[in-house]
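Student: I'd like a close look at a single part of this model, wherever you think is a good place to start. Could you then work outwards from there and tell me what else is worth a look?

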Amino acid sequence: MILGDENKKIMQPTSDLHNLIGQTLSMIITPDQQLINKGQQQLASLELLETYTLVLTEISVDNKIPISIRQLAGVLLRKYISKHWTRNIENFIEPEVPEEIKCQIRKILPSGLQEPNHRLRVGLACVISAVAEWDCPEAWPELLPYLINSLKSQNKSLVHGTVRVLTEIVRDLDDKQIQVFIPLLLPEMYRLIISHEQFNIRIRTRCVSIFTLCISLVHDIATYEKQTCLTYIVPFLSPYCDALKKFLVTSDSHACDTGFRIEIIRAFTLLFKSFPKLMQQEASTILQSVWNCLTQNTENYVATVIYKHGDMDAAVDSDGETLSFECLIYSLFEFVQYDSWSKNVSRYVEDESDDSFSHSVRLSALELLLSITSEFKREAGVGLWKSVHRHLSHAETLKSNQSPRWWKLHEACLLAMGRCKQLLTDMLLAGFVQIDLDAFVKQVPLADLNQFEYPYLVCQAALFAGRFSRSMSAEINTAFLDGICHLLMHAQHPIISLSSLRAFYYYCEELGIEQTTDILKYLPSIFDGILLTLSRIPQSTYIWPLESLAILISVDEPFVASVEDRLSTLAIEMFVRYVNDPLINSETTAIIKGLVHNNLVTNLIQERLIPVVESICYTEEQQKQQKIATNLPPAVLDLLTTVLRSMDPPINRLLMEKTFPIVLHLLLTSDDQQILLNGGECLCAFLSCASKEVLEHPNSTVYILQILAKFLNPKMSENCCTFVGKLIRSFIRVIGNNQLSLGDTLVQILKAVLAKLQGSSILTVQQSLIVVFAHLIHSNIDDVINFLTSMPGPNGGSAFDFVMQEWTMKQHLFYGPYDIKVSIIALSCLLEHAMTNNDVRFQTLVVPGDQVIYQSSLSNHQGGPSFRTRSKTTKMPEQWTSVPLVVKLFKILVLELQNQINTRKELKDEADYNDDSDLEDDSDDGGEENSNGGEDEGKETMNGSNAKMKSSLNEDETASLSKEDEITKYLNRYDNLLDDVFDMEFFNEKDPDALLSPIMQIDLLEYLKERIRHYALHPWFAFFRLHLNLMEKQALQKIGINVN
């Protein structure tokens, strides 16, 4: 058929054009490419006809035509409408659909909502929505009434199509339409939502979405017609909330799934944001449902996603949105974030803490900012300041226009700068950022301190000034201190008082206690402010005032002495009252510790603690009458330990006389595990810090020996005995560590240690007991060896055989810098003794040497690595080579040498990186090349080395070990050692006596280098060399020892 001139619109009879377009669509869906091309060309010509869209519409809704052709017609119709329907379209293309054609299309399209085929129905619903966007309601006033009536139909296809259309067009309703249609629409949406037996879950999910859209529309117009709009929403709140709460906690089924819950959470979130007062009465029950929803879904999520046990379905709806549990979590977080700081001071403290674990959009944005500034320091520092400058300029414009939004920009800028304080300070010092900080502080944070109508801004201004106090002049700091003292006394909102105290804390932390003399005159006001704040806030927010109090008492001893009675009473009362709160307990302990440090009040605070210690010895009935918490006794023992470790000798006489007998009594009579653990540590503290007074106390030695006998009894639970080795060492140190002076006492202790070690299965206890022998070996090696040799062991041999077996097999598992040093030096002494005296006991005792790793068990058939499963372990358990004890001692020292070398290198590399992370150091690169070269050489010689081992062991199944496997096997055991060795503050808290020991002054790497080089000159070294593995040989080569 000839279509005529392409530039001339030709009107054709509808029936003829209907057939022609149908034939053209049939050509396009065939697999023949030539027909497809011909059809596309013909279709391009047909698009010029005025009735083209009308025919496509008729084809789309004609159920006599094949589905594939109708679907294609629907797609083409939607595409055509998006470009030609009206000239108001942004990307409009000629020609425009004539108005008479539009009218006919609008009459035909609604019938497509009844289409049984789901995909075709969805496509037609999208076409209706596209037309409605431009024509409803002005040119299509009958659409909305038709849709409302369709919701009542029993035809599920029609209901589904109607809901799809409403989802798109409700958002475009104007004020007049809202007033008419929302009262008609919401009852029908509610009916569909609760009809889970009749309608599928996706229809009902969209109904919740439409309800949320209605809430949003009502809220938007409520700003100027509040009362009128509320009449549209109030009648429906209660039934909707009841229904949605119910479905929120319903388990997955045809009634509810993750996507449905996500929409419910979104609806609740918007309701609380839009109408907080109306929702107040529903808040508690909704929050409970939200929490239940989270907890009910967590187990499945952890099992399938975290632990990878199965797959967790993540459905995708027809709009392409993922309906996963993660999406539900984000929606839950958004809901919870609504909780206002003004109503929840605890949430404010939690959110604004530097180490907050809260979740919110604000905190997520802040975390992103900190990540960027950490990764791109210079660029981020410059960019941050530019952003702050731009936002502050915009804030000034808003402020001049009387907009209340200006303060939020100020607050956000101060927060960002405060959290990036170190970066900005570095940028200032380096000259990358030019800021007159004093001028900035005067203009922004100090000025904002007076904006009492914006409490959050006042808070952030105070925090900013505290964080930057080191970089500010004395004049500015004085103004700042005046400001926070004024806030503490006159602020009405508790969050301002809390932030003022936090700012004081930052001030002292930044400047250091020694440089805070200018703050002395403010201490009375700040102290009174702390007490006032504590009386106005809930327990959950005590942490900031208590931290401020802890730092205040370290500023000026005379001031603390002037308020000691109020301060001590407060700290002790809070310690006892809130003993179950670990944060408050920690801070009150720190305050009491600070008071003990103060020479002007140390005796007073020690005496004030006596009644507290005495209370833990009350009978059960007395404790109930006094309302004493069940966990107070162990907490008090821990506090007493802290006091003893913090004071300068001598101990207060009354404290010693009253509390020491209580500690002994509890250790001898109690069976409570925590009391025994904390009491044991407390007894160690008495032996360390008041040894003279302990010896002078009547029968103290007898009681301590009875306590040791109790803990060393094999029947005593090992969980109560982790401190026992330290207690024995402390006792021996006080009494005297010479066997001759102790006589039978020491022998009896060591026998009990042996008995306990034989029945022990916990590494911490085993290490603690073995180190007792290690200590004695340092000064009495011959006596210890003879004692162990004379005592029977559990397996028929001597105790010497048993202890050496246990010690050498577990040495690589020992942790803690002090115990490792004591043990390694003791083993070195034993090796020196064995070599010098040619002691046959060290030659005849055979112990495990190196672990045998079978290549066949560690590789798959393709030659790749394999995992050692439980079944493989059962079939082929761990096996070890056998070596004489004297050889094992040498191998242990070499292993520790390698560990110390690696540790030192890691620290050096980290220091080099921190000193100049942006520069490349050629010398370091060269060192790495040398190291890598050694590794490559080791790989080349590994097969030969293992062949020798195989030959010497006469084990045919032993295969070659790769260097990486071997080193990993040995050195990975020391992964956590760096933390123990170099976190001296933590170590001092755990074992202060050990830190002060002369042993801790020994450089273990230098010690091992000296001793091993000395042993390498001994004739025994030739024998040792026969038993060295590759890693051990490389370690010796690193210190210049030839092993070839």
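Tutor: Let's begin with a term. A polar contact is a pair of N or O atoms within 3.5 Å, and inside a protein one of them must be able to donate a hydrogen and the other to accept it. Keep in mind that this is a predicted model.

Now go to the start of helix α6, residues 118–135. Asparagine 117 caps its N-terminal end, with a side-chain oxygen 3.2 Å from the backbone nitrogen of arginine 119. With the cut-off at 3.5 Å, that distance falls within the limit. Past the cap, α6 runs for 18 residues and reaches 25 Å from its first C-alpha to its last, close to the 26 Å expected. As for its surroundings, 13 of the 18 residues are buried, so α6 is largely enclosed by the rest of the structure.

Helix α34 makes a good companion to α6. Its 15 residues should span 21 Å, and the end C-alpha atoms are indeed 21 Å apart. It's mostly covered too, with 13 of the 15 residues buried.

For a contrast, try α42, residues 763–790. This helix has 28 residues, and a straight one would reach 40 Å, yet the end C-alpha atoms are only 26 Å apart. Look at asparagine 780: α42 bends there by about 125°.

Back to α34 for a moment, since the loop after it is worth a stop. Proline 650 sits in that loop, between α34 (632–646) and α35 (653–669). The peptide bond joining proline 649 and proline 650 is cis, with omega about 0°. There's another cis bond between glutamate 94 and proline 95, also with omega about 0°. Proline 95 belongs to the loop between α4 (67–84) and α5 (99–108). These bonds catch the eye because most peptide bonds are trans.

While we're on backbone geometry, the background is that most residues other than glycine have a negative phi. Asparagine 699 goes against that, with a positive phi of about 60°; you'll find it in the loop between α37 (691–696) and α38 (700–712). Asparagine 838 is another case, with phi near 50°. Its place is the loop between α44 (817–837) and α45 (841–844). Asparagine 838 is partly exposed, at a relative accessible area of 46%.

Carry on along the chain from asparagine 838 and you come to strand β3, residues 846–852. Six of its seven residues are buried, so β3 is largely enclosed by the rest of the structure. It pairs with β4, residues 879–884, in the antiparallel sense over five bridges. If you want a spot to check the register, valine 847 has valine 883 of β4 as its bridge partner.

Next, a few side chains inside helices. Leucine 895 lies in α48, residues 885–915, and is buried at a relative accessible area of 9%. Its C-alpha is 6.6 Å from that of glutamate 1032, although the two residues are 137 apart in sequence.

In α35, have a look at isoleucine 662. It's buried at 11% relative accessible area, and it touches Val613, Glu614, Ile616 and Cys617, leaving aside residues up to four places away in sequence. Leucine 637 is 25 residues away from isoleucine 662 in sequence and 9.8 Å away in space, C-alpha to C-alpha.

Threonine 212 tells a similar sort of story in α10, residues 201–222. It counts as buried, with a relative accessible area of 13% against a limit of 20%. Leaving aside residues up to four places away in sequence, threonine 212 touches Glu263, Arg266, Ala267 and Leu270.

Finally, zoom out to the whole chain. Its secondary structure comes to 56 helices and four strands. Of its 1044 residues, 51% count as buried. Take the contacts between residues at least 6 apart in sequence, and 72% of them join residues at least 24 apart. The chain exposes about 50,400 Å², and carbon and sulfur atoms supply 52% of that area.

Technical notes
Residues are numbered from 1 along each chain as its sequence is written. This is a predicted model: local features need pLDDT of at least 70, side-chain atom pairs count only at pLDDT 80 or more; totals for chains, interfaces and linings use all residues. Side-chain values use heavy atoms; hydrogens and water are left out. Buried means under 20% relative accessible area, exposed over 50%, partly exposed in between (1.4 Å probe, protein chains only). Helices (H or I, at least four residues) and strands (E, at least two) are DSSP runs, numbered from the N terminus. Two strands pair if DSSP finds at least two bridges between them. The expected span of a helix is 1.5 Å times one less than its number of residues. The bend at a residue is the angle between axes fitted to the seven residues ending there and the seven starting there. Contact means heavy atoms within 4.5 Å. Accessible areas come from the Shrake-Rupley method with a 1.4 Å probe; for residues, only the protein chains shown count as cover.
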